Amino acid sequence: MKIESKTVHWGDRRKAGNFTPVTTPIYTAASYVYESMDQLDRVFALEESGPSYARYDNPTRSALEELVRELESGAGAIACASGMIGIHTALLAALLDRPKRVVAANMMYGATTGLLMNVLGPMGVETAHVDPCDLTAFEAALTEAKTGAVIVETIANPLLRVPALDKIAALCRAADVPLIVDNTFATPLLVRPLELGASMVCHSATKYLAGHGDVLGGVIVADQANYDALRTLSRTIGPVMGPFESYLTLRGIKTLALRIERQCANACKVASWLATHPRAERTFFPGDPKHPDSETIARLFPPNRFGGLVSFELKGAGRAEVFRFMEKLKMVVRATSLGDVHTLILYPAMASHRDLSPKHRERLGIRDNLMRISVGIEAVEDIVADLDQALS
Ligand SMILES: *Cc1c(COP(=O)(O)O)cnc(C)c1O
């Protein structure tokens with residue numbers, strides 16, 4: 001079955017008594033009864049599948065987990081209450097019985113950097129921050145001290161660089177260090193990191209997977225070697241997604257392939273329009289033939305699909321001019337987040353990368369005139385017209 005068909009069918013239509021609901025119901029029960037105590041005993045022992053207690057399993061959540069596990073080609077998945085608790089749980093699972101050192105991409109979602117520096121750091125986990133597009137530096141960081149985990153993003157925040165995941169995965173396999181990939185920006189429709197050799201994949205389901213701006217959630221998908229530790233940890237600490245959010249995410253994913261197709265096509269048009277606009281200083285888009293990682297992109301991405309994100313700098317602008325431009329937008333939504341059906345625009349210096357010092361942002365190349373657009377599914381003419389009137 002092709003991935004577009006899996007998004008519609010997988011996980012759903014489990015038999016419930018003598019009928020089968022066409023969509024998975026929202027199960028709110030905290031615990032479950034079985035005919036015999038022997039059967040409940042087997043369920044508790046994980047010898048028979050089935051829910052016993054909501055921190056362990058929930059049928060709505062299980063349907064979602066089965067769907068995303070299949071889309072990402074994993075051995076098992078855990079749906080979580082947020083993308084961040086998913087990333088935290090994946091890192092904990094990796095570091096549990098490994099050296100307390102992480103090699104992390106230097107360009108990442110702000111809260112992921114915060115998690116490493118402000119939460120795991122004080123607990124004794126050392127982090128080496130490396131440019132994920134510099135393989136030599138990456139290999140050096142990986143081998144200069146015993147490492148417990150590596151974490152990178154498929155498409156790096158917010159300048160949309162694309163590291164060579166296949167080569168990074170090979171380095172990690174050689175060093176026997178689990179590679180965790182945040183695949184939020186790419187989705188399994190563009191890249192499936194586990195197929196390239198990664199050990200765990202994390203998503204903020206809040207973004208493309210749920211896709212409608214009405215869910216906070218995350219998913220971790222793991223290979224067989226890492227799933228057992230992850231599952232045991234999850235059953236103990238309970239980072240799990242609730243049944244209502246699980247239902248909405250499952251429903252959202254049914255249109256993921258359609259949305260991605262439209263968002264990718266719209267983003268190509270928005271990016272090429274911006275690239276020639278006199279008020280856009282530089283545009284950043286993985287589909288740009290002059291993109292610094294174009295070779296990697298051609299190797300890892302499907303043809304003509306570059307994701308729905310476009311970043312650009314407003315020529316000569318500071319914070320005040322950026323604010324004025326954003327306030328002039330009538331349809332494009334000025335809000336944090338991405339991957340929704342509606343087009344969103346975000347100002348990294350104020351939102352996703354707010355907690356970094358201006359110097360740190362400067363070092364990463366995130367200037368005060370940079371904005372990131374998450375292109376939606378609207379008619380592209382309307383998106384371009386709104387940007388155009390706000391730029392004039
Ligand atoms: C939003 C986001 C997260 C965090 O997810 P939440 O659902 O907000 O907790 C992590 N990584 C990336 C790339 C994101 O965009």
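In what follows, Ala, Val, Leu, Ile, Met, Phe, Trp, Tyr, Cys and Pro count as nonpolar, Asp, Glu, Lys and Arg as charged, and the others, Gly among them, as polar. With residues classed in this way, the shell around the ligand has 6 nonpolar, 7 polar and 2 charged residues. The structure described here is a predicted model, and the values given below were computed from its atoms.

The ligand is surrounded by 15 residues, of which Met84, Asp182, Ser204, Thr206 and Lys207 come nearest. Helix H4, which spans residues 83–95, contributes the largest share of this shell, with 3 residues. Oxygen atoms of the ligand are approached by both backbone and side-chain atoms of the protein: a polar side-chain atom of Thr206 lies 2.7 Å from a ligand oxygen, a polar side-chain atom of Ser204 lies 2.8 Å from a ligand oxygen, and for Met84 a backbone N or O atom is found 2.9 Å from an oxygen atom of the ligand. Taken on its own, the ligand has 380 Å² of accessible area, and the protein covers 93% of this.

Pockets were examined on the protein atoms alone. The largest pocket has a volume of about 790 Å³, and of the 34 residues that line this pocket, Arg14, Ser49, Gly50, Asp57 and Ser62 are the closest to its centre. At least two lining residues of the largest pocket are supplied by each of helix H3 (59–71), strand S1 (76–80) and helix H9 (224–237). When sorted by class, the lining of the largest pocket comprises 13 nonpolar, 9 polar and 12 charged residues.

The second largest pocket, with a volume of about 500 Å³, is lined by 20 residues, and those nearest its centre are Leu159, Thr283, Phe284, His291 and Pro292. Its lining draws at least three residues from each of domain 1 (3–253) and domain 2 (256–391). Helix H11 (256–275), strand S8 (280–284) and helix H14 (358–364) each provide at least two residues of the lining of the second largest pocket, and H11 gives the most, with 4 residues. By class, the residues that line the second largest pocket are 9 nonpolar, 5 polar and 6 charged.

Two features of the backbone were also noted, both of them in loops. Most residues other than glycine have a negative phi, and most peptide bonds are trans. The peptide bond from Asn157 to Pro158, however, is cis, with omega near -20°, and Pro158 is placed in the loop that runs between strand S4 (149–153) and helix H7 (165–175). Leu46, although not a glycine, has a positive phi of about 65°, and this residue lies in the loop between helix H2 (37–44) and H3.

Terms used:
Residues numbered from 1 in each chain as written. Predicted model: local features only at pLDDT ≥ 70, side-chain atom pairs only at ≥ 80, totals over all residues. Heavy atoms only, no water. 1 Å grid on protein atoms, 1.4 Å probe; cavity = no way out; pocket = protein on both sides within 12 Å on 5 of 7 lines; lining within 4 Å. Points joined across faces, edges and corners; volume = space filled by probe spheres on them. Domains from an automatic or database assignment. Near = heavy atom within 4 Å. Polar contact = N/O pair within 3.5 Å; in protein donor to acceptor, adjacent residues only side chain to side chain. Areas by Shrake-Rupley, 256 points an atom, 1.4 Å probe, with all protein chains shown as cover.
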